[in-house]
Each structure stands twice: as C-alpha cells, then as structure tokens.
Amino acid sequence: MTESESSQTEGALAGLRVLDLGLLVQGPQAALMLSDLGADVIKVELPGLGDQARWIPISMQDLRAPYFIGCNRGKRSLTLDLRTPAGQDVFLRLVEDVDVVISNFVPGTLEGWGLGYEQLAARNPRIVLGCASSFGSVGPDAERRGADLAGQAAGGLIRATGYGADDISPVAVTIADHLGSQNLANGVLAALYARERTGRGQQVDVSLLGGQIYAQASEYTYTFLTGEEVPSPAGGHPLIAMIYGIVPTSDGHLALVGVPEADRDGFFRLVGRPDLRRDPRFDVLLMTDEHRRALFAELAPAFCTKTTAEWGALLREAGIRYAPVLSRSEVADDEGVYENGYLRRIEHPEWGPMPTVGVPIRLSETPATPGDLAPELGQHTEEVLLEIGFEWEEIAKLRETNVI
C-alpha cells in the first residue's frame, strides 16, 4: 500500500466517537490508541485547568508538557465542568451521540456527579464506559488515590527490580500506567465487539494494580508453584537460567537473548572462550542462578574488547540473538523504527521538524492514522457543541457561566 493510498484509507475504528475524560496517562493513552486506530476522540477537560498532564513541564524554563503531548495528539479538546448541573446536562447530550466514554477518575466520582454507567446507559444503551483506577473498582482500596508508582509498588514490580532487597528501583517509565491503558483499550474493544451481538454497551473496569499482576503472570506463577519469591534479576531474567542477559562492550552494553544448546560451541569460539563450553557449571541446559552470574562475569572481559556495533555484526552473522542496549536518542536514530511506524517524523508548526511516537500496530487494510498535534485547552469546544445541535446563544451562556 502506497503512502497516498494509506492516507485515503479509513482507520479500523472510523466512525467511532469517544469522550476522553482521562487524566495524565492511563486513561488518555487508552483513548490515544483508539484515536490512532481511527476513532474521533474528544478530550473533555476542566475549564481553565485541563488535564493535569498539561502542568508537568520539561522545566520551569521550558513549559512544554511531554506527558500531555505524548498521550493526546490527534484528539479534539472541549472544556466542560462536570461538577456543575449545566455541565452534566451538556455531557449527557454528548453521550447520546458517542460510543465510548473513557475515565480514570477515582471510582465513585462519576456516580457522584450523576454520570455513572446507569445514567449514561439510560441516555444511550449502546454506550461503553471504560473506567481505569489505581487499585480496582471494588474492595477496601477502591477509593484510594494513586498513580503509576503506586501500581508498580503494590503490584510487586519494584521489589523485583534491582539487585537485591536493599537495591530496589521502580521502572523509569510509567509502565503501570501504560499497561493499564492497554488493558483498558482492549476491554473497550471487547465491549464494542460484544455490543454487535447484544445491542448494548457495558462498563469496563481496569486498574494499575491489576495490570501489573497480569503482566507478571509467569513470575507470580513461579511463586505460587514454589512458595518462593523470584530471585533478583542480576542483569538478566531470574527464571531464564541460560545465556540471557546484559554484557558490557568497549562502548556500551549488549543484550544476549538466549543461546540455544546447538549454537553454544560456535558462540564460545566467537567470543574467544571455547574453554567455557567444557566448564561443567555451564555445560547444562539450565544453569543455577549462581552459575549464570559466574558465566556472565567470565564473558564480560571478552565482550569489552569490541564495540557494540562490532559484536552486533559478528552475532548477526552467526545467527545468535542479540540487541544493542540503546538510549532513547539512539533509538530515534534507527531508520527501522520509522519504517515500521513506531516513530514518525513530523513538521511541528512551532518547533519545526521533529520525531514523534507513532503506533505499535500495523494493519494492512485499515492502517493506523496517528495525529501530529495535541490540542490547545478548549480548542474545539464550540466546534463539538455545534455538531450536537447547540446554538451560538446557548454556547455563549455556557461560557459566561464558566461551564465551558
């Protein structure tokens, strides 16, 4: 498919209309995925403030907001105060003409405003309400506030990261938010598919905590089977007791992504250590964690004799799985990620040529169409309200009373 054909092809979710009430990452990134796949996403924000992500700038000298820009490109922004009766009335009118509502408010918030699933479904029985929380929609912690760090901590990830009980660290990305967002998008799509059979929408609930537990299904299962905690990773993965981990090179690091038994003779010769093949500690299918660490200590000096690129060329030729350990700036210099659409190059009207995050999904017939720009606060308020039948006089009154 050519670029011109792609630009004229509707996305998989073309015709789907979404109201995004999300804040920060978990809710907005779920709505972003729907937007990237072709849905019309209207971001509903509090007048004068908007999504809290707008207020997490790069610095006090550079007020651009990576969290907002990264999770809201391609959406339209409408300001609306849902705490007011007039705002609630406007929202219910919007709901009549949309398919999905996305929210990651604390559970009970929408219900307190008279905008819970029952109220929305009364206006539009086909509505799908996707709700994301920190600790789940029921139980003793349901109404407790949280954020990505809470999900990583309560879900067991932080204790599993680092080199031991006294050396723990969160993952340095909002990974709990991201996994929660993908679960929410999947749940919404499942509800939409079910709607084709039943004619009715439903409520979808996900959480940071639930996403973290699900993502660690293998590691949790190990603990359930053995009664023991998974050992600390020590540069690899504690449940993959093979040649699987990180080694230093002369100019960086390299990931060795498993060396099958049939390739080990060639691998040890390649790194100049054929003697390691004869070491009984390493001449086994599954090494102990202690022996795996010892092997990587033996491999480190050999790998430090060449650059990451030099080792990559040798390993590629030998058919051994590997990957360079790259910084984000280095990833942005890799043409392959642009060819696959994972990153894109755009011309920003204010900042000029720049890379931006693309879409991790490729569809052959209905390609994803990621937007370039995040909206200004309230940029599309009048446009959206006019689309659902508001008159200019009504819009003016709403603005005068700070409802929009």
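Helices (H or I, at least four residues) and strands (E, at least two) are DSSP runs, numbered from the N terminus. The model is predicted: local features need pLDDT of at least 70, side-chain atom pairs count only at pLDDT 80 or more, and totals for chains, interfaces and linings use all residues. Residues are numbered from 1 along each chain as its sequence is written, and side-chain values use heavy atoms, with hydrogens and water left out.

**Exercise 1. Describe the protein as a whole.**

Solution.
- Step 1, secondary structure: the protein has 17 helices and 13 strands.
- Step 2, extent: the C-alpha trace spans about 85 × 50 × 50 Å along its principal axes.
- Step 3, burial: 41% of the 404 residues count as buried, where buried means under 20% relative accessible area, exposed over 50%, and partly exposed in between (1.4 Å probe, protein chains only).
- Step 4, surface: about 20900 Å² is accessible, and carbon and sulfur atoms hold 54% of that area. The areas come from the Shrake-Rupley method with a 1.4 Å probe; for residues, only the protein chains shown count as cover.
- Step 5, contacts (heavy atoms within 4.5 Å): of those between residues at least 6 apart in sequence, 66% join residues at least 24 apart.

**Exercise 2. State how confident the predictor is, and where pLDDT stays under 50.**

Solution.
- Step 1: pLDDT is the predictor's confidence in each residue, from 0 to 100. Its mean over the protein is 93, and 97% of the residues reach 70 or more.
- Step 2: the value stays under 50 over residues 1-6. For this stretch the model has six contacts beyond four places in sequence.

**Exercise 3. Work out the surroundings of serine 103.**

Solution.
- Step 1: serine 103 is found in strand S4, residues 100-103.
- Step 2: the residue counts as buried because its relative accessibility is 2%.
- Step 3: a polar atom of the serine 103 side chain lies 3.1 Å from the backbone nitrogen of phenylalanine 105.
- Step 4: with neighbours within four places in sequence left aside, serine 103 is in contact with Leu21, Leu110, Gly130, Cys131 and Ala132.
- Step 5: leucine 209 is 106 residues from serine 103 along the chain, and their C-alpha atoms are separated by 16 Å.

**Exercise 4. Do the same for phenylalanine 303.**

Solution.
- Step 1: phenylalanine 303 lies in helix H12, residues 289-303.
- Step 2: its relative accessible area is 0%, so phenylalanine 303 is buried.
- Step 3: apart from neighbours within four places in sequence, its contacts include Val247, Pro248, Leu254, Phe267, Trp311 and Leu315.
- Step 4: leucine 208 is 95 residues away in sequence and 39 Å away in space, C-alpha to C-alpha.

**Exercise 5. Which sign does phi take in leucine 24 and in asparagine 402, and where does each residue lie?**

Solution.
- Step 1: most residues other than glycine have a negative phi.
- Step 2: leucine 24 has a positive phi, near 65°. Its place is in the loop between strand S1 (17-20) and helix H2 (26-36), and at 28% relative accessibility leucine 24 counts as partly exposed.
- Step 3: asparagine 402 also has a positive phi, of about 60°. It follows helix H17 (392-400), and counts as exposed because its relative accessibility is 56%.

How values were computed: A polar contact is a pair of N or O atoms within 3.5 Å; within protein, one must be able to donate a hydrogen and the other to accept it, and residues adjacent in sequence count only if both atoms are side-chain atoms.
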